[in-house]
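This is a walk through one protein chain, from single residues to the fold as a whole. Please keep the sequence and the model in view while reading.

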Amino acid sequence: MPLTTRVRWEYCSLIGKKVIFLGAEKLFDNKVDGYASEARAWDCLEKGGWELVAVAPNKQGELVHYFKRRFED
């Protein structure tokens, strides 16, 4: 990849079994997907190429997992 090429990313967060997409270029802006289980949500994110970048508690004490993946044009 040339040094002049800017990498763009998509972002999402996982709370329990709810995935909230905060995508690049507003493609998935604030889109929410629910899964039958937390394990299923993790599996779908992994298969979709998402990379875990941070984990932090929210105001309710739930762990929020933050993910990113390269935005594909």
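A convenient place to start is histidine 65, which touches Cys12, Ser13, Leu14, Trp42, Leu52, Ala54 and Val55, leaving out residues up to four places away in sequence. Histidine 65 belongs to strand S5, residues 63–70. Its relative accessible area is 10%, so histidine 65 counts as buried, the limit for that word being under 20%. One of the residues it touches, valine 55, stands opposite histidine 65 in S5.

The model is a predicted one, and its confidence varies along the chain. The mean pLDDT of the protein is 83, and 79% of its residues reach 70 or more. Confidence is highest in strand S4 (residues 51–57), with a mean of 97, and lowest in strand S3 (residues 31–34), with a mean of 69. Where pLDDT is low, the predicted coordinates should not be read in detail.

Next comes the overall layout. The protein has one helix and five strands. Read from the N terminus, the order of the elements is β-β-β-α-β-β. Of the 73 residues in the protein, 23% are buried. Among contacts between residues at least 6 apart in sequence, 39% join residues at least 24 apart.

Two strand pairs can be followed in the model. S1 and S2 run antiparallel and are joined by five bridges. The hairpin of S1 and S2 has two residues between the strands, and glycine 16 in this hairpin takes a positive phi near 65°. S4 and S5 are also antiparallel, and they pair over six bridges. Five residues lie between the strands in the hairpin of S4 and S5, where glycine 61 takes a positive phi near 85°.

Serine 13 shows how one residue of S1 is placed. Serine 13 is part of strand S1 and stands opposite isoleucine 20 in S2. With a relative accessible area of 7%, serine 13 is buried. Apart from neighbours within four places in sequence, serine 13 is in contact with Lys18, Val19, Ile20, Val64, His65 and Tyr66. Histidine 65, the starting point of this account, is thus among the contacts of serine 13.

Which residues make up the largest nonpolar core? This core has eight residues: Cys12, Leu14, Val19, Phe21, Ala41, Leu45, Trp50 and Phe67. Strand S1 (9–15), strand S2 (18–22) and helix H1 (38–47) each give two or more residues to this core. In soluble globular proteins, nonpolar side chains tend to be buried together.

Aromatic rings come next. The structure holds two aromatic pairs. Phenylalanine 21 and tryptophan 50 form a tilted pair, with 5.9 Å from centre to centre and 55° between the planes. Phenylalanine 21 lies in strand S2 and tryptophan 50 in the loop between H1 and S4, so this pair ties together parts that are 29 residues apart in sequence. Both phenylalanine 21 and tryptophan 50 are buried.

The rings of tryptophan 42 and phenylalanine 67 also pair. Their centres are 5.4 Å apart and their planes are at 75°, so the pair is edge-to-face, a description used for angles over 60 degrees. Tryptophan 42 lies in helix H1 and phenylalanine 67 in strand S5, so the pair ties together parts that are 25 residues apart in sequence. Is each of these two residues buried or partly exposed? Tryptophan 42 is partly exposed, with a relative accessible area of 31%, whereas phenylalanine 67 is buried, at 4%. Tryptophan 42 also appears among the residues that histidine 65 touches.

The last stop is lysine 68 and its surroundings. The charged end of lysine 68 sits over the ring of tryptophan 9, 4.0 Å from the ring centre. Glycine 49, in the loop between H1 and S4, is in contact with Lys68 and Arg69 once neighbours within four places in sequence are left aside. Glycine 49 and lysine 68 are 19 residues apart along the chain, and 8.5 Å separates their C-alpha atoms. Glycine 49 has a relative accessible area of 44% and is therefore partly exposed.

Key: Residues numbered from 1 in each chain as written. Predicted model: local features only at pLDDT ≥ 70, side-chain atom pairs only at ≥ 80, totals over all residues. Heavy atoms only, no water. Core = buried A, V, L, I, M, F, W, Y, C linked by side-chain atoms within 4.5 Å. Buried < 20%, exposed > 50% of the residue type's maximum accessible area, 1.4 Å probe, protein only. Helix = DSSP H or I, 4+ residues; strand = E, 2+ residues; numbered from the N terminus. Pairing = 2+ DSSP bridges. Contact = heavy atoms within 4.5 Å. pLDDT = per-residue confidence, 0-100. Phe/Tyr/Trp six-rings, centres within 6.5 Å; stacked < 30°, edge-to-face > 60°. Lys NZ or Arg CZ within 6 Å of the ring centre and 35° of its normal.
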